[in-house]
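Open the model in your viewer and keep the sequence panel beside it. The stops below each give a selection to make and then what is found there.

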Amino acid sequence: ILFDVRSAFLTIVLISSSPFFLGHSRVLNHEGMMSLFLLASLLSMLVFLYIDRKLFFLLLSSIAAALAQLTKSSGILLFPIIVLVLLIHAIGLKDRKFSQSVVNAVKTFGIWLAVLIISYILFWPGMWVAPGEMLYDVYGNAISYSFQGARLSVMPGLDPSSFHFGDLSARLQLYLSDIVWRTTPVSWLGFILGIWFAVAHKRNGTGK
């Protein structure tokens, strides 16, 4: 829906041939499943904003995001991306006031987040019984691993209150280094061309 058939086919081929995605999706691995749900969520949101304002696409984006969260806690990185997409869309609208566009974007995000939470609870029976314990086990372990390099479930002596951003910044530098040096040249080329085409599309006045 976002592109013609040839562009969509080329995009899927490039994504599918990415070494990380190919390696993770060839086995039953959380990263492969999570990346598929994240891609489905993001594309559904883009279709809802720029192509067809049907509620179905917004709900599909929310449900896919919930499944990504249930697959692996690192799927939470989708949240700032969705916020950024909504903000860019609000800024690009010229047929209404910016304040009105922001209000509409907030409403859209509210619906998206509400459906995500409902789906998260619905698809995980553990949330029906002990939601606080379940969330602590998932995100507590994720945060402790990010800050301290160990999970609370493995090292119960870790104190989450002692975590600080110094450790996180060092790990973020490591992740950024991996992204820079382990991303294929074809992926970088596609990323750069994608931004260039998007900017040229707006300048030519052909954007919706």
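**Stop 1: a nonpolar surface patch**

Select Leu55, Leu59, Ile63, Ile111, Ile117, Ile121, Leu122, Phe123, Trp128 and Val129: together they form a nonpolar patch on the surface, with about 940 Å² of accessible area. Accessible areas come from the Shrake-Rupley method with a 1.4 Å probe, and for residues only the protein chains shown count as cover. Patches are built from residues with over 30% relative accessible area and no salt bridge, nonpolar side chains (Val, Leu, Ile, Met, Phe, Trp, Tyr) being joined within 5 Å and like charges within 9 Å.

Now colour helix H4 (55–71), helix H6 (98–123) and helix H7 (126–129), the elements that give two or more residues to the nonpolar patch. Helices here are DSSP runs (H or I, at least four residues), as are strands (E, at least two), numbered from the N terminus. H6 gives the most to the patch, with 5 residues.

Pick valine 129, which lies in helix H7. Valine 129 has a relative accessible area of 74%, so it is exposed. The cut-offs are under 20% relative accessible area for buried, over 50% for exposed, and partly exposed in between (1.4 Å probe, protein chains only).

**How to read the model**

This is a predicted model, in which local features need pLDDT of at least 70 and side-chain atom pairs count only at pLDDT 80 or more, while totals for chains, interfaces and linings use all residues. Residues are numbered from 1 along each chain as its sequence is written, and side-chain values use heavy atoms, with hydrogens and water left out.

**Stop 2: the whole chain**

Zoom out and switch to a cartoon view. The chain has 10 helices and 0 strands, so from the N terminus on its elements run α-α-α-α-α-α-α-α-α-α. Of its 208 residues, 24% count as buried.

**Stop 3: H3 against H4**

Two packed helices are described by the angle between their axes and the distance between the axes. Show helix H3 (residues 30–50) with H4: they pack at an angle of about 160 degrees, with their axes 8 Å apart. That makes H3 roughly antiparallel to H4. Axes are lines fitted to C-alpha atoms, for helices over the stretch in contact, and angles run from 0 to 180 degrees between N-to-C directions. Angles under 35 degrees count as roughly parallel, over 145 as roughly antiparallel, 65 to 115 as roughly perpendicular and the rest as oblique.

The crossing of H3 and H4 is left-handed; that term applies if the near helix is turned anticlockwise from the far one by less than a right angle, and right-handed applies if clockwise.

Stay on H3 and select tyrosine 50, which is placed in that helix. Tyrosine 50 is partly exposed, at a relative accessible area of 23%. Add histidine 89, 39 residues away along the chain: the C-alpha atoms of tyrosine 50 and histidine 89 are separated by 8.2 Å.

**Stop 4: H4 against H6**

Hide H3 and bring back H6. H4 and H6 pack at an angle of about 45 degrees, with their axes 8 Å apart. That makes H4 oblique to H6, and H4 passes H6 in a right-handed crossing.

Is leucine 58 buried or exposed? Leucine 58, in helix H4, counts as buried at 2% relative accessibility. Measure from leucine 58 to tryptophan 112: they are 54 residues apart in sequence and 6.6 Å apart in space, C-alpha to C-alpha.

**Stop 5: H5 against H6**

Keep H6 and add helix H5 (residues 78–92): this pair packs at an angle of about 150 degrees, with axes 9 Å apart. H5 and H6 are therefore roughly antiparallel to each other, and their crossing is right-handed.

Select leucine 87, found in helix H5. Leucine 87 is partly exposed, with a relative accessible area of 41%. The C-alpha atoms of leucine 87 and valine 106, 19 residues apart along the chain, are separated by 9.2 Å.

**Stop 6: the salt bridge**

How many salt bridges does a search of the whole structure find? The search finds 1 salt bridge, the term meaning a side-chain nitrogen of Lys or Arg within 4 Å of a carboxyl oxygen of Asp or Glu. Show the side chains of lysine 54 and aspartate 52, which meet in a salt bridge (3.8 Å, N to O). Lysine 54 counts as partly exposed at 49% relative accessibility, and aspartate 52 is partly exposed as well, at 26%.
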